[in-house]
Protein chains: 2
Amino acid sequence: MSVAERVRLIDVAREAGTSVSTVSRALNGSDLISPEVVAHVRAVAGELGYRADRRAQEFKLGRPLTVGVTVPDLTNPFFSEVLKGLAAAARAGGYRLLIGESGEDPAEELRLVEELVDHSGALVLCSSRLTRAGLEKALALPVPVVCINRTVKNAGVVAIDYRAASRLLLEHLTGLGHRRVLYVGGPATSWSDGERRRTLRRTARSLDVTLDEIEGGWAGHHGYDAGPTVLRSRATAVITFNDLVGVGLLSWLLDNDVDVPAELSVASYDDIPIAAYARPPLTSLRNERAKLGELAWRQLTARLAGDDWPGPDLLAPELVVRASTGPARRRARIRTT
Amino acid sequence: MSVAERVRLIDVAREAGTSVSTVSRALNGSDLISPEVVAHVRAVAGELGYRADRRAQEFKLGRPLTVGVTVPDLTNPFFSEVLKGLAAAARAGGYRLLIGESGEDPAEELRLVEELVDHSGALVLCSSRLTRAGLEKALALPVPVVCINRTVKNAGVVAIDYRAASRLLLEHLTGLGHRRVLYVGGPATSWSDGERRRTLRRTARSLDVTLDEIEGGWAGHHGYDAGPTVLRSRATAVITFNDLVGVGLLSWLLDNDVDVPAELSVASYDDIPIAAYARPPLTSLRNERAKLGELAWRQLTARLAGDDWPGPDLLAPELVVRASTGPARRRARIRTT
DNA sequence: CAACCGGATGCAAACGATTGCAATCGATCG
DNA sequence: CGATCGATTGCAATCGTTTGCATCCGGTTG
């Protein structure tokens, strides 16, 4: 049963007693063919279980119906949801998604891009970790490129408005009386980490808040491992690169009897589902990730239609306040671990 | 810059002063061509930035270098990690992955399968939610199909050994003195939920444990929403369909001052990363998800090489005991919420 | 009645790559 | 010195589909 012979156009033509051109036109809904013939051909095709060979089709038509996408990490819900939105939009437009995961590695991402471009008519780079030089190379490829969460010239750009995001976070914290805040950073290759730092610094200055920064990463264990350093710092509130890091940090703090938020407030970016189920539930910045994917598709279709790139789309986030942030207090004691 | 003209084989041939056949052979490493010509052609191709048109290549070769995969939900880390393993293995074999998400919907999955098969030379159905009839249809398609976490005839099968899994869980709980256990189920369309139930019942019987079952789902909120029902039950331990549900349930229990594990033990399947960061950390069954993907690829290559399907691959899980399970106690009180 | 017309259909040429086979060349051998 | 041989290279067919153009047909018109 499995691995049967493929039915081709010519088989349908023979069975229907017509030529391949007629069959092709009938199936593709050309108005050059008489209705009876169309009906007959359709019937025969259905009977024989004909399915067009998409490879031959795409080859002949020359225009690939596939969009290549890269993400740093498939297991991060942020990226999965962007993909969800993008996939839905692309599918509605008759396109398919070829997904590649770079594993947070710029070199691997470049390899991936070169591979994907051979199969796709367009490229979407989600939170690209490429170096500047790598990005140049990608943009020189003979297909349109959209970047999600990375601004770049001569490409489509869809990003979260980190300026607004950082302002929301810091205003929330200063409103609670915090004057000293620690940022636990993300991967050095991440453009959005850079943006978070830049906008946090700038906003901190304007709000007269002292901002400290340490290195972190993108996953739960990065947050957990940052625990001791966080505890030693003199900040009364912590902002983490994303919720995974935030949840990891919370876990360490609870393991070490630090009362959140009484002793230390924690807040983060992204608001992925587990943020709500963390202990204590994590204050975070909600963003419409699926919409990022949708907008990327919109930019792409505009470009594929021959227009110039529209301007960058910026998505404003929304602060979801939960129990992990509270009024600033004097730190109970300086501990060492 | 963007959207430049494609360089074709004939352009390289012209520039190099040879024929297309020579160029093709030179680039593909045929030993029929003299080394100097190979070097020259390679140089010219590089200079011109030639990249083979994969559509033409695949078309001509007839064998698609793409594998279609369906998953119910991209945001579930379980599936992402299976994809990771599969993608890595496929890539190493020179294949690409076309990924489709069904959104836990059997009808959508069927549409997806029919779409993917047109673009792929093989199909991997990950935790397929297809109905029996739908699955029959998929298996009748002219490509080999591998099912992950679903057993079926005339297809490759890779699955987690739920019999062993359920035994590990229940033995752990009975070892702690639990005699009445509640299972919070998953989606009705899930084969693996059925397996979990079946093996739990069977093992419960042999261990003389009373097993109750309620309906649940696949996501955190399903666990959270099950909270009241769980609390009303007379069980001293709960097993949830997966960690997302488990974490959601834990969150509800903590919100409602139920002491875990003193009053109620909670354990689960899958051991995704957040299980370790939950409060309390969740006892769960670790499985090698990436390996599931790898094995699926192995089955596929065997089949593509013309062999029969090898037998099913079963992966034994391992119990990771954390703080969410503890000795059974008399329930403090029956509460109503 | 011949010329014409337009709708319906078939013929054949593409698309870009691979590959069996024939052609070419210089060198070797009898 | 001509035949032969092996190593290279080019010619041309091919994959399945789409599509411009020619063809064919019956019916209408002058």
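The following conversation concerns two DNA strands and two helix pairs in a predicted model.

Student: What kind of model is this, and how are things numbered?

Tutor: This is a predicted model, in which local features need pLDDT of at least 70 and side-chain atom pairs count only at pLDDT 80 or more, while totals for chains, interfaces and linings use all residues. Residues are numbered from 1 along each chain as its sequence is written, chains are lettered from A and ligands numbered from 1 in the order in which they are written, and side-chain values use heavy atoms, with hydrogens and water left out.

Student: Which residues come nearest to DNA strand D?

Tutor: They are L9(A), S24(A), Y50(A), T22(B) and R25(B), out of 25 residues around the strand. A residue is near a strand if one of its heavy atoms lies within 4 Å of it. Of the strand D atoms that come within 4 Å of the protein, 57% are accounted for by sugar and phosphate.

Student: Which polar side-chain atom lies 2.7 Å from a phosphate oxygen of strand D?

Tutor: It belongs to Q57(A). Another phosphate oxygen contact involves D53(A), where a polar backbone atom is 3.2 Å away. K60(B) meets a base instead: an N or O atom in its side chain is 2.8 Å from a base oxygen of DNA strand D. A polar contact here is a pair of N or O atoms within 3.5 Å; within protein, one must be able to donate a hydrogen and the other to accept it, and residues adjacent in sequence count only if both atoms are side-chain atoms.

Student: Which helix gives the most to that surface?

Tutor: Helix 4 of chain A does, with five residues. Helix 2 (20-28) and helix 4 (54-61) of chain A, and the helices with those numbers in chain B, each supply at least two residues. Helices (H or I, at least four residues) and strands (E, at least two) are DSSP runs, numbered from the N terminus.

Student: And strand C: which residues come nearest?

Tutor: S21(A), T22(A), R25(A), L9(B) and S24(B) do, among 25 residues around DNA strand C. The side chain of R25(A) has an N or O atom 2.6 Å from a base oxygen of this strand, and a polar side-chain atom of R25(B) lies 3.1 Å from a base oxygen. Y50(B) reaches the backbone of the DNA, with a side-chain N or O atom 2.9 Å from a phosphate oxygen.

Student: Which helix leads there?

Tutor: Helix 4 of chain B gives the most to the surface near DNA strand C, with five residues.

Student: New topic. At what angle do helices 10 and 11 of chain A cross?

Tutor: The axes of helix 10 (residues 220-232) and helix 11 (residues 243-255) cross at roughly 50° and come within 6 Å. That makes helix 10 of chain A oblique to helix 11 of chain A. Angles under 35 degrees count as roughly parallel, over 145 as roughly antiparallel, 65 to 115 as roughly perpendicular and the rest as oblique. Axes are lines fitted to C-alpha atoms, for helices over the stretch in contact, and angles run from 0 to 180 degrees between N-to-C directions.

Student: What about helices 8 and 9 of chain A?

Tutor: Helix 8 (residues 162-175) and helix 9 (residues 191-207) of chain A pack at about 45°, with axes 8 Å apart. Helix 8 of chain A is therefore oblique to helix 9 of chain A.
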